[in-house]
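Open the model in your viewer and keep the selection panel handy. We will walk through it one stop at a time.

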Amino acid sequence: MTVFTIEDVRKTFTNGEVTEEILKGVNLSLKEGEVTALVGASGSGKSTLLTIAAGLQPASDGQILFEGTNLTEMNAEQVRKIRANKFGFVFQFAHLVPFLTVEEQLMLMLDVAGTKMKKREQKKEIDEILSLVDMGHRKKAYPSSLSGGEKQRIAIARAIIHKPKVLFADEPTASLDSKRSKDVMALIRELTKTLNITTLLVTHDEEMLAYADRIIKMSDGQVA
Amino acid sequence: MNIAWKEMKKNKARFLILGSIVFLVSLLTLIISGLANGLSQDNAALIKDLPDGQFYMTKDSDQTYTLSKIDSNTQDKVLDKEKDAAAFSIQMGFVNDSADKQQSVVFVTSTESELFENVKKGEIVLDNSMKDKGIKVGDVLTNNQYSGEFTVKGFVDQKKFSHAPVAFINMEDYKEMYRTNEMQMLFVPGEDSPQAIDGLQAFSKKEFLDTIPSYSAEQMSLNMIVWFLVVISGMLFAIFFYMMNVQKIGLYGILKAIGVKTSALFKMMWTQMLFITVIALSLSIALSQVFNKFAPEGMPFHLTPDTTVKLSIVFLIIGFIGATLSGMQIKKVEPLQAIQQGEV
């Protein structure tokens, strides 16, 4: 089932007198329970497309339809609410909050998403997610004591703890070595299937494409 | 979850440094303010302790009370009309104690009134500080302008003028010493607005205090120091929070990206500012009160609860403004920019 549709999305940047079109009318649809990988050379517009789809920057033109609503017509607060409740994010770096323990990172996400869980329920949920990403033993650890792979696992746990509909992952393995990259990708794929999430992934690492259900190649701001 | 508290708990040193700076600046402000109040009391407690009302002196005295001479007709008219009013005079002078040692005092005399000490001819009532000079009730004091002798009848608390202890004397003795039959000023208590009295100029208490040459200059300098310190502490808040916010731009961006409201980030900063300020202020208030109690003898230090509360409120407001101004960056943070900057 299609849950996310990108229709004729364009993005232009103006720098002084120079106007550059980064996205030149992209059309794309994402299906539930599928990992869709966007690939392409540097500057092809894949990361720009992901951040526009995720509501992190506006499109210059076009529509982004999610659950029957057009994200491009929403105000900043409405987009923030969608980001908090319905989307999950994994970036190249884990971007964990340095002064929160692993457990607190996840608790914060549950609060932000507005889940009306009691503390006990939150803890139960956190335990379940941490066991999914195999990090239950580091619940009380601060990010400074975690390895790169562990941080990225926690970032993934944070991205899915509030049961988002769509997971956006922008180069989630770029800062990891080959073994850890495969572990993280296997985890993203497994969670997409288990939790029936729609995942949009940007990567330039061809080895990671093995974990995607669909591969979309981008070139010069268009789907090739 | 209270992330403001979690951050302070994890980064104790950073917040301790900010707290220490606020503590030191607020303590210094309270101490200087206590000294300003103390000096103000030392300079004009005689006038400051009077109730609110209007002071009158002659127009031709050019706002200098020592040059003012109120004629007896005008004085009688006002005193007949205003039962609580008093005519009074203030003159710098000295008395010789039993060991013939000169002691500087300010002679004050008045018509019969509850506002001033009423003393009989040949008697003198002194400010308490004269006890420290070895003067006791019953002692005999002299003055080279006075033919008789003054017998010390008693002491009064905190009656000072121009940093000298006040000596209340009878009006007849005053007239003999200063060879005048006229009083310098009239004081009508409880009057909000002045009456028009021929040849007299009216002053509120504050206006009258400002005519005392040393008082206004001294208070202006000290108040300027106090307000400079308040402004400096506000700037410290702004600079410190600005620096902390610059370091946390990436973090704020990520928090915004995952859906944290900008208002929640402001709340986080305000909570931290409030926590630090309240703790730092409580400590500085406690220490300044200890200083108030154990200030060295003779040091004019007077820190009232009223001044302390006012300054504390000003500190909180200034801290809030400083932190909020620096927090404007938070509003401008773009999640995307933070993500692209790399690891927090």
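The tour below goes from the interface between the chains to the domains of one chain, with a pause at single residues on the way. Please keep in mind that this is a predicted model.

**Stop 1: the interface of chain A and chain B**

Colour the two chains separately and select the residues in contact: 26 from chain A and 23 from chain B. Together the chains bury about 2200 Å² here, and carbon and sulfur atoms account for 72% of that area.

Which residues form the salt bridge between the chains? Select Glu104(A) and Lys6(B) and show their side chains: the closest N and O atoms are 2.8 Å apart. The count of salt bridges between chain A and chain B is 1. If you also list polar contacts across this interface, counting pairs with both residues at pLDDT 80 or more, you should arrive at 4 residue pairs.

Now hide chain B for a moment and look at the face that chain A offers. Helix 2 (76-86), helix 3 (102-112) and helix 5 (148-160) of chain A each bring at least two residues to this side. Helix 3 of chain A gives the largest share, with 6 residues. Colour this side of chain A by residue class and you get 16 nonpolar, 3 polar and 7 charged residues.

**Stop 2: Lys86(A)**

Staying in chain A, select Lys86(A), which lies in helix 2 of that chain. Is this residue buried, exposed or partly exposed? Lys86(A) counts as partly exposed because its relative accessibility is 30%, between the 20% and 50% cut-offs.

Next, expand the selection to the contacts of Lys86(A). Leaving out residues up to four places away in sequence, the residues touched are Phe66(A), Glu67(A), Lys81(A), Pro164(A), Lys165(A) and Val166(A). For a distance check, draw a line from the C-alpha of Lys86(A) to that of Leu187(A): the two are 101 residues apart in sequence and 20 Å apart in space.

**Stop 3: inside helix 2 of chain B**

Bring chain B back and select Thr29(B), which has its place in helix 2 of chain B. Why does Thr29(B) count as buried? Its relative accessible area is 0%, and the cut-off for buried is under 20%. Show the surroundings of Thr29(B) and, again setting aside residues up to four places away in sequence, you will find Val226(B), Leu229(B), Val230(B), Leu311(B) and Phe315(B) in contact.

**Stop 4: the two domains of chain B**

Give domain 1 of chain B (3-43 + 216-341) one colour and domain 2 of chain B (53-203) another. Their centres, taken over C-alpha atoms, are separated by 46 Å. The contact involves 6 residues from domain 1 and 7 residues from domain 2.

How much area do these domains bury between them? The value is about 490 Å², with 29% of it on carbon and sulfur atoms. Select Gln41(B), Asp42(B) and Asn43(B): these three supply 85% of the area that domain 1 buries against domain 2, more than any other three residues.

For the last close-up, show the side chains of Asp42(B) and Lys160(B), which meet in a salt bridge at 3.1 Å, N to O. The domains also share 4 residue pairs in polar contact, with both residues at pLDDT 80 or more. On the side of domain 1 that touches domain 2, helix 2 (residues 12-48) of chain B provides the largest share, 4 residues. By class, that side of domain 1 divides into 1 nonpolar, 2 polar and 3 charged residues.

How values were computed: Residues are numbered from 1 along each chain as its sequence is written. Chains are lettered from A and ligands numbered from 1 in the order in which they are written. This is a predicted model: local features need pLDDT of at least 70, side-chain atom pairs count only at pLDDT 80 or more; totals for chains, interfaces and linings use all residues. Side-chain values use heavy atoms; hydrogens and water are left out. Domain bounds come from an automatic or database domain assignment. Contact means heavy atoms within 4.5 Å. Buried area is the accessible area (1.4 Å probe) that two parts lose on being put together, summed over both. A salt bridge is a side-chain nitrogen of Lys or Arg within 4 Å of a carboxyl oxygen of Asp or Glu. A polar contact is a pair of N or O atoms within 3.5 Å; within protein, one must be able to donate a hydrogen and the other to accept it, and residues adjacent in sequence count only if both atoms are side-chain atoms. Ala, Val, Leu, Ile, Met, Phe, Trp, Tyr, Cys and Pro count as nonpolar, Asp, Glu, Lys and Arg as charged, and the others, Gly among them, as polar. Buried means under 20% relative accessible area, exposed over 50%, partly exposed in between (1.4 Å probe, protein chains only).
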